[in-house]
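Reader: I would like to go through this model and ask what stands behind each label. Please show it before we start.

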Amino acid sequence: MHPILPIEHDFPLQALNTFGLPARARHYLRVTDASQLDRLQAEPGLAGLPRFVLGGGSNVLLTRDVEALVLHMAIPGRAILGEEGDRVLVRAGAGENWHGFVDYTITQGLGGLENLSLIPGTVGAAPIQNIGAYGLEIKDVFHSLTVFDPALGTRRTMRGEDCRFGYRDSIFKHPEGASLVVLDVTFALPRAWRPNLRYAELAQELAHELEAAGVAGPTPRQVSDTVVAIRRRKLPDPAQIGNAGSFFKNPVVTSARCAALLALHPQLVHHRQPDGSEKLAAGWLIDQCGWKGKGIGAAGVYPKQALVLVNKGGATGAEVLALARAIQDDVADRFGVMLEPEPVFI
Ligand code: EPU
């Protein structure tokens, strides 16, 4: 009735987290089909185990072995579902590589995701922290997703309002949603595409490239190419240098707090939010504390972008954690701002 699930024990996770940290999973299941989760519920010895859902491993900090059943989401599939009003619905399985999916939509003639090109990780992980870059967040192009709810043993569809998206945040990062397993995600992309060039650096670089090439545009592909070029220049490639992208969120403070900080630090980088609050550049704060290019043990601060912590080779999770704490302390002492980490800590 229940074919044996291919569960592994004491499974190495070093190749499955982009920091390249040497942790192991007590139990491990590569989930290639949602039906495996149904079967898991029916296995007496397995149904009650604590679980940890792993996508591309690009937003986790493994400080120790994972004493749980790691569900490594590898469900494949990409499809254009059809039109809904002035949008085209496109769906992908949770295990699809994010950039591969962005590339697929562009090749299919659909724009809308190009600003999120080259973000490491999987489609299923994208809504967990509402990934964002260059003036676009997942929530802006999100339609719905399917989750498996282990408490009920059933699947259900969740719309944007159910997911409670915020800046690098969603219900899945909170106790109410932490046990839900994302199986697939559907995006609503515009039929009539227009470039999103709100991010000044992207607009400038794209204009420069189009002019140099003497071509009209832009097209979604050209925007994607420019985003890829900017990211390659600023951010380390996890295949070469272990990292998890931005290690801290950009802190949001009140306008009064921002004004007080500006009086002391006129160069403070800040961006006004629609609600009147101010988002500060965590990279700038860390940079000002002199951490760029420095580190603790084999854990370092990337020399070209202080917001990214890197594994210089052979780092342990404890070293990365110690570095993160030291940075938080310095930024708190100097600016009175507590930096909040972006990755999930184990
Ligand atoms: N800055 C410094 N020193 C540094 C780094 C940055 O002075 O070492 C200054 C920059 O000069 C700039 C400002 O800080 O004025 C902001 O830097 P940048 O435009 O590079 O963006 P960011 O705020 O550091 C955020 C996202 C990135 C995303 C970029 C582009 C967060 C936590 N990070 O970075 O997301 O790619 O904007 O949209 O929101 C990620 O989440 O993993 C990630 C890479």
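**Sheets, helices and ligand**

Author: This is a predicted model. One open sheet in it has 4 strands in the order β1-β2-β5-β3, with mixed pairing.

Reader: What makes β1 and β3 edge strands?

Author: β1 (8-12) and β3 (51-54) each pair on one side only, and that places them at the edges of this sheet. On average, neighbouring strands here are turned by 45° against each other, with direction ignored.

Reader: How do you know that β1 and β2 pair, and in which sense?

Author: Two strands pair if there are at least two bridges between them. β1 and β2 (residues 24-31) have 4 bridges and run antiparallel, so the pairing condition is met. Among the bridge partners, F11 is matched with A25 in β2, and E8 with Y28 in β2.

Reader: What joins β2 to β5?

Author: 6 bridges join β2 to β5, and these strands run parallel. At least two bridges are required, so β2 and β5 count as paired. L29 stands opposite L71 in β5.

Reader: Which helix packs on this sheet, and which strands does the helix touch?

Author: Helix α1 (residues 35-42) packs on the sheet and touches β2, β3 and β5 (66-73). The direction of α1 makes about 130° with that of β2.

Reader: Where is R64, and what is R64 in contact with beyond its sequence neighbours?

Author: R64 is found in the loop between β4 (60-61) and β5. Leaving aside neighbours within four places in sequence, R64 is in contact with A23 and I346. Contact means heavy atoms within 4.5 Å, so A23 and I346 each satisfy that limit with R64. The C-alpha atoms of R64 and R24 are separated by 7.8 Å, although these residues are 40 residues apart along the chain.

Reader: What is the order of strands in the sheet that holds β13?

Author: The order is β13-β19-β18-β17, an open sheet of 4 strands with antiparallel pairing. β13 and β17 (295-296) are the edge strands, as each pairs on one side only.

Reader: How do you know that β17 pairs with β18?

Author: 2 bridges join β17 to strand β18 (residues 299-301), and the two run antiparallel. The requirement is at least two bridges, so this pair meets it. G295 has G300 in β18 as its bridge partner. Helix α9 (residues 317-335) packs on the sheet, touching β17, β18 and β19 (308-311), and its direction makes about 35° with that of β18.

Reader: How many residues surround the ligand, and which are the closest?

Author: 23 residues surround the ligand, and the closest are Y134, Y167, Y199, D287 and Q305. By class, the shell has 10 nonpolar, 6 polar and 7 charged residues.

Reader: Which elements supply at least two residues of the shell?

Author: β8 (132-133), α6 (220-234), β13 (242-246) and α8 (282-288) each do so. The largest share, 3 residues, comes from α8.

Reader: Why are K234, Q305 and E342 said to make polar contacts with the ligand?

Author: The limit for a pair of N or O atoms is 3.5 Å. A polar side-chain atom of K234 lies 2.9 Å from an oxygen atom of the ligand. For Q305 the corresponding distance is 3.0 Å, and an N or O atom in the side chain of E342 is 3.0 Å from a ligand oxygen atom. Each distance falls within the limit, so each pair is a polar contact. Taken alone the ligand exposes 830 Å², of which the protein buries 80%.

Methods:
Residues numbered from 1 in each chain as written. Predicted model: local features only at pLDDT ≥ 70, side-chain atom pairs only at ≥ 80, totals over all residues. Heavy atoms only, no water. Near = heavy atom within 4 Å. Polar contact = N/O pair within 3.5 Å; in protein donor to acceptor, adjacent residues only side chain to side chain. Areas by Shrake-Rupley, 256 points an atom, 1.4 Å probe, with all protein chains shown as cover. Nonpolar A, V, L, I, M, F, W, Y, C, P; charged D, E, K, R; others polar. Axes fitted to C-alpha atoms, helices over the stretch in contact; angles between N-to-C directions.
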